[in-house]
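Q: Please take me through one part of this model up close, and then show me how its surroundings fit around it. I have the sequence and the structure open, so feel free to go residue by residue.
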Amino acid sequence: MSGFELKRVHLPNGIHLDVVDEGPVDAPVLIFLHGFPESHRTWRHQIAHFKDRYRCIAPDQRGYRGSSKPQAVEAYTPDKLIGDIFLLADALAIPSFTIVGHDWGGAIAWGVALGGQHARVNKAVIANAPHPVIFQKLLYTHPGQREASQYIRGFRDSANDALVKEHGLTGLLLKEVKWDRPSAMEPDERDALLLDWQNRDAAFGMLNYYRASPIDVPTMDAPFAVPEGWTPPALPKLTIPTLVIWALDDLALPPENLDGLEDIIDPLTIVKVPNCGHFVPWEAPEAVNAAMEAFLAG
């Protein structure tokens with residue numbers, strides 16, 4: 001497994017992050033955010049591809065691996081996760097950057113882009129991470145999305161904490177995640193992940209992303225309708241160039257998550273990746289690299 005050197009970056013909020021920092025220090029910056037339950041290694045193919053022309057920054061985010069792992073749920077609210085990224089850019093003397101995110105990293109990247117557009121964030125690249133407004137509406141109205149997201153209820157259930165303490169994150173994943181599409185991960189990468197999942201503090205750190213999230217996941221017997229009185233979060237329109245890469249065989253996130261993006265993002269580029277599951281950065285690295293190349297050159 002070809003590794004990247006990690007450096008420790010201390011943030012003024014008391015969090016320290018292990019960070020990949022590859023490429024010319026004066027080049028345009030790409031900040032890569034990984035999702036659950038991975039690490040900076042999510043982006044191994046993209047960093048290797050772009051580091052000759054871009055400064056590639058990829059943290060292990062709070063709760064993961066060697067980075068700070070506070071155990072309180074409230075340490076993982078979206079504002080804190082988003083704030084870490086701006087503080088990281090400050091600590092590395094990066095005035096502006098393109099934000100790139102997948103899965104939970106994509107959820108954070110949406111917030112970073114919305115909060116820093118034009119001032120700090122030049123462009124956004126999102127891979128298989130739903131926009132929060134569209135995702136919440138689908139959880140209310142779309143049976144497939146709601147069913148695919150029931151694992152979130154299991155991740156939030158403290159009754160499963162004993163299972164995590166005994167078996168690490170692996171035990172809970174086997175119980176709650178019913179995705180049955182195999183992913184072509186290299187054996188050494190899989191072994192490294194399985195080892196990461198045995199860290200109990202990291203396991204609860206990862207789960208706290210779900211426990212601190214304001215997203216509402218109804219039970220399957222709740223009505224398939226927007227609740228009376230519900231109004232979507234008052235988020236601004238995203239008006240920086242945004243690329244959304246979507247693998248179409250994602251069992252957790254159906255492609256209906258793309259519907260309506262054109263109404264809340266302009267300019268928007270969507271690239272669909274067929275015959276690929278959720279972990280598109282490493283399941284289809286050539287497609288992701290090509291989409292990013294074309295987008296970043298524009």
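A: Let's start where strand β5 (residues 97–102) meets β6: the two strands run parallel and are joined by six bridges. Bear in mind as you look that this is a predicted model. Its chain has an average pLDDT of 96, with 97% of the residues scoring at least 70. Confidence peaks at 99 in strand β3 (residues 29–33), while the lowest mean, 91, belongs to helix α8 (residues 169–176).

Now stay with β6, which covers residues 121–127. Six of its seven residues are buried, so the strand is mostly covered. A good residue to centre your view on is Val125. On the β5 side, Val125 stands opposite Val100. Turn to β7 and you find that Leu243 is the bridge partner of Val125. That second pairing, between β6 and strand β7 (residues 242–247), is also in the parallel sense and runs over four bridges.

The path from β5 to β6 is worth tracing too. Helix α3 (residues 104–116) takes part with β5 and β6 in a β-α-β unit, and that unit is right-handed. Along the way, look at His102, which sits in β5. With a relative accessible area of 0%, His102 is buried, because anything under 20% counts as buried. For a sense of distance, the C-alpha atom of His102 is 23 Å from that of Arg200, a residue 98 positions away along the chain.

Further along the same path comes His118, in the loop between α3 and β6. His118 is not a glycine, yet its phi is positive, at about 75 degrees. In contrast to buried His102, His118 is exposed, at 53% relative accessibility. On the other side of β5, the loop between α2 and β5 holds Ala93. Ala93 also has a positive phi without being a glycine, here about 55 degrees, and its relative accessibility of 62% makes it exposed. As background, most residues other than glycine have a negative phi, and most peptide bonds are trans.

Helix α2 (residues 78–91) is where Ile85 is found. Ile85 is buried, at 1% relative accessible area. The C-alpha atoms of Ile85 and Ala48 are separated by 21 Å, with their positions 37 residues apart along the chain.

The backbone has cis peptide bonds to look at as well. One links Phe36 to Pro37, with omega near -5 degrees, and Pro37 belongs to the loop between β3 and α1. Another runs from Asp266 to Pro267, with omega near 10 degrees; Pro267 is in the loop between α11 (261–264) and β8 (268–273).

Next, swing over to helix α13 (residues 285–297). Its 13 residues should span 18 Å at 1.5 Å a residue, and the C-alpha atoms at its ends are indeed 18 Å apart, which agrees. The buried residues of α13 are Pro285, Val288, Asn289, Ala291, Met292, Phe295 and Leu296. They lie on the same side of α13, because they cover an arc of only 165 degrees around the axis. The face turned away from that buried side carries exposed Glu286, Ala294 and Ala297.

Helix α13 also contributes to a salt bridge: the side chains of Glu293 and Arg53 meet at 2.8 Å, N to O. Glu293 lies in α13 and Arg53 in the loop between α1 (44–50) and β4 (55–60), so this pair ties together parts 240 residues apart in sequence. Arg53 makes a salt bridge with Asp52 too, at 2.9 Å, N to O. In this little group, Arg53 is partly exposed at 33% relative accessibility, Glu293 is partly exposed at 27%, and Asp52 is exposed at 54%.

For a contrast, find the salt bridge between Arg211 and Asp161, at 2.8 Å, N to O. Arg211 is in helix α10 (residues 200–211) and Asp161 in helix α7 (residues 161–167), so the contact ties together parts that are 50 residues apart in sequence. Here both partners, Arg211 and Asp161, are buried. Finally, Arg41, Arg44, Glu186 and Glu189 are linked in a network of salt bridges, and the total count of salt bridges is 14.

Terms used: Residues numbered from 1 in each chain as written. Predicted model: local features only at pLDDT ≥ 70, side-chain atom pairs only at ≥ 80, totals over all residues. Heavy atoms only, no water. pLDDT = per-residue confidence, 0-100. Buried < 20%, exposed > 50% of the residue type's maximum accessible area, 1.4 Å probe, protein only. Pairing = 2+ DSSP bridges. Right-handed = clockwise from strand over helix to strand, strands pointing away. Expected span 1.5 Å × (residues − 1). Arc of directions from axis to C-beta. Salt bridge = Lys/Arg side-chain N within 4 Å of Asp/Glu carboxyl O.
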